[in-house]
Amino acid sequence: MQMHDIPFGTTDWSTVPCTEHPGETGMAYWRTRQFGAIRVRMVEYTPGYLADHWCAKGHIVLCIAGELQTELQDGRTFTLRPGMSYQVADGAEAHRSRTGPGATIFLVD
């Protein structure tokens, strides 16, 4: 990944507009910033959220709060708790998110 033409800046995520993204169950609330080709998001999942699709996009994900389960299409499951992260390349392994108690994550893709 090349990062260029991004001047120094700070983000107060509480001031970034929130968009709603319903899952198969529950809701995801995205706060999104775009820096050239790089998308950066703070996402809050409601309790009981299950994604409505398998995602093949690459991400770097950091769990800020709660607990997030990431299921790979091959059946493997990984749990992130605060301070844990995962990374996956574009097209590497299809994955989807779910959470029982709810979660807040920070993503770069």
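Is Glu71 buried or exposed? In this predicted model, Glu71 is buried, with a relative accessible area of 19%. That value falls just inside the buried class, because the class takes in residues under 20% relative accessible area. Glu71 pairs with Arg96 in a salt bridge, and the closest N and O atoms are 3.0 Å apart. The two residues sit in distant parts of the chain, Arg96 in strand β8 and Glu71 in strand β5, with their positions 25 residues apart in sequence. Arg96 is buried as well, at 18% relative accessible area.

Strand β5 also holds Thr70. Thr70 is buried, with a relative accessible area of 4%. Which residues does Thr70 contact, leaving aside its neighbours within four places in sequence? The contacts are Arg76, Thr77, Phe78, Tyr86, His95, Arg96 and Ser97. Two of these names recur among the salt bridges: Arg96 is the partner of Glu71, and Arg76 is the partner of Glu93.

The salt bridge count comes to eight. One of these joins Glu67 to Arg81, with 3.2 Å between the closest N and O atoms. Glu67 lies in the loop between β4 and β5 (68-72), whereas Arg81 lies in the loop between β6 (77-80) and β7 (85-88). The pair therefore ties together parts of the chain that are 14 residues apart in sequence. Both ends are partly exposed. Glu67 has a relative accessible area of 23%. The value for Arg81 is 43%.

Glu93 and Arg76 form another salt bridge, at 3.6 Å from N to O. This pair also runs from loop to loop: Glu93 lies between β7 and β8, and Arg76 between β5 and β6, so parts 17 residues apart in sequence are tied together. Glu93 counts as partly exposed at 35% relative accessibility. Arg76 is likewise partly exposed, at 38%. Elsewhere, Arg39, Arg41 and Asp109 are linked in a network of salt bridges.

Arg41 appears again in the pocket analysis. The largest pocket has a volume of about 300 Å³. Its lining comprises 21 residues. Which of them lie nearest the centre of the largest pocket? They are Trp30, Arg41, Tyr45, Tyr49 and His53. Several strands contribute to the wall. At least two lining residues come from each of β1 (18-22), β2 (27-35), β3 (38-45), β4 (59-66), β8 (95-98) and β9 (103-108). By class, the lining divides into 12 nonpolar, five polar and four charged residues.

The second largest pocket has a volume of about 230 Å³. Its lining includes Met3, Ile6, Pro7, Phe8, Gly9, Thr10 and Thr11. Arg33, Phe35, Ile38, Val40 and Val108 also belong to the lining of this second pocket. The elements that supply two or more of its lining residues are β2 and β3. Both strands also supply at least two residues each to the lining of the largest pocket. By class, the second lining holds eight nonpolar, three polar and one charged residues.

How many disulfides does the model contain? The count is zero. Cys18 is in no disulfide, and the nearest cysteine sulfur, that of Cys63, is 17 Å away. A disulfide needs the two sulfur atoms within 2.5 Å, so this separation rules out the pairing. Cys18 is partly exposed, at 37% relative accessibility. Cys63 is in no disulfide either; for Cys63 the nearest cysteine sulfur is that of Cys55, 17 Å away. Cys63 is buried, with a relative accessible area of 1%.

One backbone feature concerns Asp5. This residue has a positive phi of about 55 degrees although it is not a glycine. Asp5 is placed in the segment before β1. The residue is exposed, with a relative accessible area of 73%.

Methods:
Residues are numbered from 1 along each chain as its sequence is written. This is a predicted model: local features need pLDDT of at least 70, side-chain atom pairs count only at pLDDT 80 or more; totals for chains, interfaces and linings use all residues. Side-chain values use heavy atoms; hydrogens and water are left out. On a 1 Å grid over the protein atoms alone, a cavity is a set of points where a 1.4 Å probe fits but cannot get out, and a pocket is an open set with protein on both sides within 12 Å along at least five of seven lines; lining residues have an atom within 4 Å of a point. Grid points are joined across faces, edges and corners, and a volume is the space filled by probe spheres set on the points. Helices (H or I, at least four residues) and strands (E, at least two) are DSSP runs, numbered from the N terminus. Ala, Val, Leu, Ile, Met, Phe, Trp, Tyr, Cys and Pro count as nonpolar, Asp, Glu, Lys and Arg as charged, and the others, Gly among them, as polar. A salt bridge is a side-chain nitrogen of Lys or Arg within 4 Å of a carboxyl oxygen of Asp or Glu. Buried means under 20% relative accessible area, exposed over 50%, partly exposed in between (1.4 Å probe, protein chains only). Contact means heavy atoms within 4.5 Å.
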